[in-house]
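Please open the structure in a viewer and keep the selection panel at hand. The tour proceeds from one selection to the next.

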Amino acid sequence: MQVALITDLGAITEECARVAESIGVTLTVLPPDSGGWQSASLILLGEDVGEAPATDHADRILVVLDGDEPASTWAKAAHLGVDQLAVLPAAAEWLSGRMIAAIEPPVSPGTTVGVVAGCGGAGASVLACALARRAGADISTVLVDADPLGGGLDLVLGAEQVPGPRWTDLSASRGQLRPSTLADALPRHEGLALLSWGRDDTVDLDPDVFDDFLAAAGQAFDLVIVDLPRHAPPQWTRRCHHVLLVAPARVRSAVAASQVAKRLSQAHPDVRLVVRETGVGGLDAELLAESIGLSLAGSIRDDRGLSAAVDRGEGIPGGAHLGRLVDRLLGEWVE
């Protein structure tokens, strides 16, 4: 038993069961003045309970229905010695979060890294995939495609046909996300968990869905790599521990990247630049970083075989230059 509901009231039972079902939690319903709740990690109380169970290992929450008199419900909570109140259905999301926390106690969150392109075709998706693929060989890692207009990271990895939920499936789900369920449900490609877009997905991603996903992913994985769109809301950037901006070493690209850098830096104190070297005539990486106003995280080189490999569904090549940058960055972020 993990979540116990003590009540004989059918309406309370139905509402609590609906919340529990939305997150895959088993709810044990017990009559008032009975035992059987001792092993529960969360105890919900209906307003027909006369005496709350005395326990020091489980939170207790009084559950009432919307429309009940607020003064009387708080008086009931005070009588029971309970300082938490859930008014359903309005508090369903809050209660689902409490259920998840009770059965899967929060741990120190994994590291979240946002990768942003300074302009179209900068190479951010390639870097995000390289980071995630390399990290996934050693620690639990999830690669998140948050850019609906980016073409799909599953295509970059050669994982388009891997079954599993996409963003649309998560958007249609009810309730918050359980970390353990998320880790088991996501598509896997060579051991790497991936959340990308279906070919028929819409381009709008609900910010609440994104926040819920990142919160659960941070509990379920050691490392979360997010390919962020340039137009991402500032709160998405703030959810990351580190942010990388990728820009080609060309003048026009640098101008575009400088505008993105200003936007990112307003939301995050740790934005660094990765320069994609473009060969003869390209800007110096150090000079480019200085002109944009960011510290230089490193550089990557154009790979002539990359586009052809992606088109063939072979995933991204693992060049030595890119590999050295990836290993150095991961060494900074992951113990």
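Two strands are said to pair if DSSP finds at least two bridges between them. Helices (H or I, at least four residues) and strands (E, at least two) are DSSP runs, numbered from the N terminus. The model is a predicted one, in which local features need pLDDT of at least 70 and side-chain atom pairs count only at pLDDT 80 or more, while totals for chains, interfaces and linings use all residues. Residues are numbered from 1 along each chain as its sequence is written, and side-chain values use heavy atoms, with hydrogens and water left out.

**The whole protein**

Begin with the entire protein, which has 13 helices and 13 strands. Its C-alpha trace spans about 80 × 40 × 35 Å along the principal axes. Of the 335 residues, 49% are buried (buried means under 20% relative accessible area, exposed over 50%, partly exposed in between, with a 1.4 Å probe and protein chains only).

**The sheet**

Next, select strands E1 to E5. In what order do the five strands of the open sheet lie? The order is E2-E1-E3-E4-E5, with parallel pairing. Strand E2 (27-30) and E5 are the edge strands, each pairing on one side only. From one strand to the next, the twist averages 25° (axes are lines fitted to C-alpha atoms, for helices over the stretch in contact, and angles run from 0 to 180 degrees between N-to-C directions).

Now examine the pairs in turn:

- Strand E1 (residues 3-6) and E3 pair in the parallel sense over four bridges; Ala-4 stands opposite Ile-43 in E3.
- Strand E3 (residues 42-45) is joined by four bridges to strand E4 (residues 59-65), and these run parallel; the partner of Leu-44 is Ile-61 in E4.
- E4 is joined by four bridges to strand E5 (residues 85-88), again in parallel; Leu-62 stands opposite Leu-85 in E5.

**Two helices that pack together**

Add helix H1 (residues 10-22) and helix H3 (residues 92-103), which pack at an angle of about 60° with their axes 9 Å apart. H1 and H3 are therefore oblique to each other (angles under 35 degrees count as roughly parallel, over 145 as roughly antiparallel, 65 to 115 as roughly perpendicular and the rest as oblique). Which residues make the contact of H1 and H3? Display Cys-16, Val-19 and Ala-20 of H1, together with Ala-92, Leu-95, Ser-96 and Met-99 of H3; contact means heavy atoms within 4.5 Å.

**The loops**

Select Pro-89, which lies in the loop between E5 and H3. A cis peptide bond, with omega of about 10°, joins Leu-88 and Pro-89. Most residues other than glycine have a negative phi, and most peptide bonds are trans.

Move to Asp-33, in the loop between E2 and E3. Its phi is near 60°, a positive value in a residue other than glycine. Is Asp-33 buried or exposed? Asp-33 counts as exposed because its relative accessibility is 70%.

The last selection is Glu-190, in the loop between strand E8 (188-189) and strand E9 (192-195). Glu-190 has a positive phi of about 55° although it is not a glycine. With 68% relative accessibility, Glu-190 counts as exposed.
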